[in-house]
Amino acid sequence: MKKHLLSLMAVMALGASCAFADTQGRIATWTMEDSTAGAPLVTYGSGVASRGAGISAASPEYVGGISPTPVAAWSSVGFATVSSSAAYTANDYVEFDVSTAGFSKIWFTFDARRSDTGPTSATVYYSTDGINYTSSGTTFTVSNASAGTGSPFYTDLTSIAGLDNNPNAKFRIYAWNGAAAGTLRFDNVGVIGTNTNTPTINTSSYTVVSPEILLGDASTYYRHVAVNSNPASPHYGYVYVVNQSATGHVKVMEPNPLSAGTAATSYRDTGWTIQTSTGVASNPAGIAINYEDDSIWMAYAVLAGAIKIERAPHPDDDHPITTGTVVFTPTESATGVSVRSMAFTGKTADNSAKVFLDNSVTASGSSYRMGYKMDGSGGWIATSFLAKTDRGYPSYGSAVDDTGISYFAKGIATNDRYPFWRYNADGTTASGLILPPSWVPNTAGVPTCALYGNFLYYSAPIGSKTSSLIVLCFDLAGNYNWGFGPPLAGAPADGSYQILNITSSQSAYYMATDDRGNLYMRAVVGGNSSTIKIEHPAMRRTVGGPVTSSPVSYGGTTYFGSNDGNVYAINSSTGANVTGYPRDLKVAGGGLSANAGRQIIGRVTLRSIGATNYLFLTTNDGYVVCLTASDGQIVWATQRITATALDTTPSVTTPDPGTLATAYVYVSLTDGASIARVDKLSALDGSLVAQSANLATTGSLAISSPSVNGAGAFVCLSGAAAAGYRLNLGDLSVATSIGTGSAFGAPYMTPGYSTYPRVIIGSTTGLMSAFNASNGAAVYQDVDITPSTTPALSIPHVFNNVAYFGGSDGVIYSSGIDNPSNGSVFYSGASGATVSGLAIDPVGINGAPALCFGDSAGNYHKVLISDPTKVSVQGLSTSTFTTPSIDTTTSCVMLGNADSKVYRVERK
């Protein structure tokens, strides 16, 4: 489809629809490569292909395809009618049933070529209701091109509004003017559109498009906001909103349900309130939470200008209203000084606590940072420091880390482009910290900031106090990561900046973060002074091509390959390149010839051999490559062991003493359906020393990645001659057949459940089989684990003696591996999409194990193993994800994607 997209964008750039090139997205494609008989399988997205009653399959049905995927095309005969109307009446068509939900401005594309007596004319019809069909009005002339070539055809349906966002859309290609025995081949069929998805912001979406309103009140003037993000607290996830009024100026909201904590999908007002001892808070008040005792700390300025710091116990059902007690009155109080924010560190290494206040002197526009230190006995020490900046605009927000390093935000003025100032714990100042991107306009608004791990959030109204809100995320080194706000000229077009208008009529915005990096803000939405929650977008790292190579994370580093021909190693926290990466494998060196079209499409294998970590990978032009993981240096590359693409995941064994010189690498070869063994011998050349016989007997088929232990190499075939085998490790001869004729996926080797390890295999008919991994003996075979349906199953993943399979219907099925008859639906939240590889995160949701996977709709799912009704679904893209990789060092999940991005998602 890449050829289609490039050609299509070039065509559209000449017409009124040229904007499509910036926002286009694949909806569904058929490359015909994985199909062997019957209707072709959808390659990307979801859809169903079929033939009309007037035509039939050619023999062979799948034969020489059309570039850029020339292996196979879908061939039919019987197009003997003489006109389009006759072809319509005779049902001489092929049909593609594709939901366009979430897309508009639809295009339908395909490649076609005919035999000498095949039909010379074709046209596209479409249906908006799945019943009635309308001609597109364009007739195509089909050539009898030579093998491997054909004509690309594009049907512009962008003006057909009925096809936009339509789950019932269907497309037919009618053909005529051919002999009864003449053939017509179809390849590279695609439905393309403009992505119009705008999911709502809540805990089931990480895409910043629209806020979730937690609390809105047109008559009450709320100010600051805080959230309890301590999972050990009985009030975990509670949100506290400061109200500038005479009484009851802190409202308490609880997550709904309570067990969700900061992952709550909604909130409710408890009716609890927290008051100051004065009963007055005429100026904005700061609020913070002491996680040790859940006490609420308030800082405010009374009408006379005196600043007070109070502590109040947490309200409860028996005491729904609590009143604070003054614990400290700063000596710096002065008329005209107002409290803008408060940050509280809790106890530090010296058994003390620190409170930091931001204040603004309204007369001069200056900002003060005041820090106060509490000793171990609870008494207050004199002012720790008093800092002042006379430049720019006053701060309306502060943040402090556990060491006492504090930050406050500043307006971005023409003479001072730094939005953050930083103070060390002793009060000494640092220079301006972060320079925003050049496309961020100056603002005279009221800025605020928040801190989450190694990320700083900055927000301010753009232009004045009454214009749209902008929020930006930086790392502590000043690198921009993501942001949202009004349309801005020059803003990144890579999706890291998203359009979101929040029109303000107030003079302040305040925000806080929880333990997941979600933002809780004060803003005006729909005319109301509202508290809003915006989910933290995943970190994105963009590379030069689609990432279909599933990432592998270890020790804070994530490794993956890309279709741009590079191997990447990035810091899992920041996305920064590790020294020595990216490693360009398109150039000659280390045993590789130069190839500008080289891609890394299989999953990278990371193995520790001796004291060194190595990467093993395969390329689309038939190489196996070994690199040192620390610096990306090529150790060896085979001399192209196959003529076809290698998208297999290498399996590596290391006999004692576990040195690289005795490591064995096993990969599957798609030509001839065989597998090969590469030995890293003393010659350091990655020699090919063994290759199995052709495991295929009939038809074209796919071979899985191998799964290897000391007893053998296990591999499965799918397609016309589906089977499974255990091969001897030395010469790769067949030791045991483990197939029963079902179309198997790749085998999964359990780490040693019961008294012996098992090999678990799923099938396209919804069946599960298990074999003794030591000798290949069947434990059980063909147990139906998918009630009422028979979908194609993903590679299984086993956890605590339960196997989980992703179906092509988007449903996750589970079954005990010791009692497989209890197969059932585990989770159906991805219904209608295709499920990518599965992974288990042992602390995925609030410390409990969770099943993680992506789907073809671009969503990342995290499902609690013990209770699949508790789930987080995060919309990250519009493309199919790879298998997730969990980085325990940085506590994140990494996913590669066909949109040329790798995503980082927090595990919490």
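This report describes the cores, one sheet, the unusual backbone geometry and the cysteines of a predicted model.

In this predicted model, local features require a pLDDT of at least 70 and side-chain atom pairs count only at pLDDT 80 or more, while totals for chains, interfaces and linings use all residues. Residues are numbered from 1 along each chain as its sequence is written, and side-chain values use heavy atoms, with hydrogens and water left out.

**Nonpolar cores**

The largest nonpolar core (a set of buried Ala, Val, Leu, Ile, Met, Phe, Trp, Tyr and Cys residues joined through side-chain atoms within 4.5 Å) has 35 residues, and those with the most contacts inside it are Trp 30, Phe 96, Phe 108, Phe 110, Leu 163, Phe 171 and Ile 173. At least two residues of this core are supplied by each of strand 1 (24-30), strand 6 (93-97), strand 7 (103-114), strand 8 (121-127), strand 10 (151-157), strand 11 (170-176) and strand 12 (183-195); strands here are DSSP runs (E, at least two residues), numbered from the N terminus. Strand 7 gives the largest share of this core, five residues. A second, separate core has 18 residues, among them Tyr 407, Val 440, Ile 462 and Leu 488. In soluble globular proteins, nonpolar side chains tend to be buried together.

Contacts (heavy atoms within 4.5 Å) give a closer view of two residues. Leaving aside neighbours within four places in sequence, Ile 173 is in contact with Asp 92, Tyr 93, Val 94, Phe 96, Phe 108, Phe 110, Ala 122, Thr 123, Val 124 and Phe 186. Ser 121, found in strand 8, counts as buried at 11% relative accessibility, where buried means under 20% relative accessible area, exposed over 50% and partly exposed in between, with a 1.4 Å probe and protein chains only. With the neighbours within four places again left aside, the contacts of Ser 121 are Thr 139, Phe 140, Tyr 174, Ala 175, Trp 176 and Asn 177.

**An antiparallel sheet**

Four strands form an open sheet in the order 39-40-41-42, with antiparallel pairing; two strands pair if DSSP finds at least two bridges between them. Strand 39 (552-554) and strand 42 are the edge strands, each pairing on one side only. Strand 39 is joined to strand 40 (residues 557-561) by three bridges, and Ser 553 has Thr 558 in strand 40 as its bridge partner.

**Backbone geometry**

Most residues other than glycine have a negative phi, and most peptide bonds are trans. The table lists residues or bonds that depart from these patterns.

| Residue or bond | Backbone value | Location |
|---|---|---|
| Ser 59 to Pro 60 | cis, omega near 0° | Pro 60 in strand 4 (residues 56-63) |
| Tyr 581 to Pro 582 | cis, omega near 0° | Pro 582 in the loop between strand 41 (566-571) and strand 42 (583-584) |
| Leu 732 | phi near 60° | loop between strand 54 (723-727) and strand 55 (734-737) |
| Asn 800 | phi near 50° | loop between strand 60 (797-799) and strand 61 (802-806) |

Of the residues with positive phi, is Leu 732 buried or exposed? Leu 732 is buried, with a relative accessible area of 1%, whereas Asn 800 counts as exposed at 56% relative accessibility.

**Cysteines**

A search of the whole structure finds zero disulfides, a disulfide being a pair of cysteine sulfur atoms within 2.5 Å. Cys 449 counts as buried at 1% relative accessibility, and Cys 716 counts as buried at 1% relative accessibility too.
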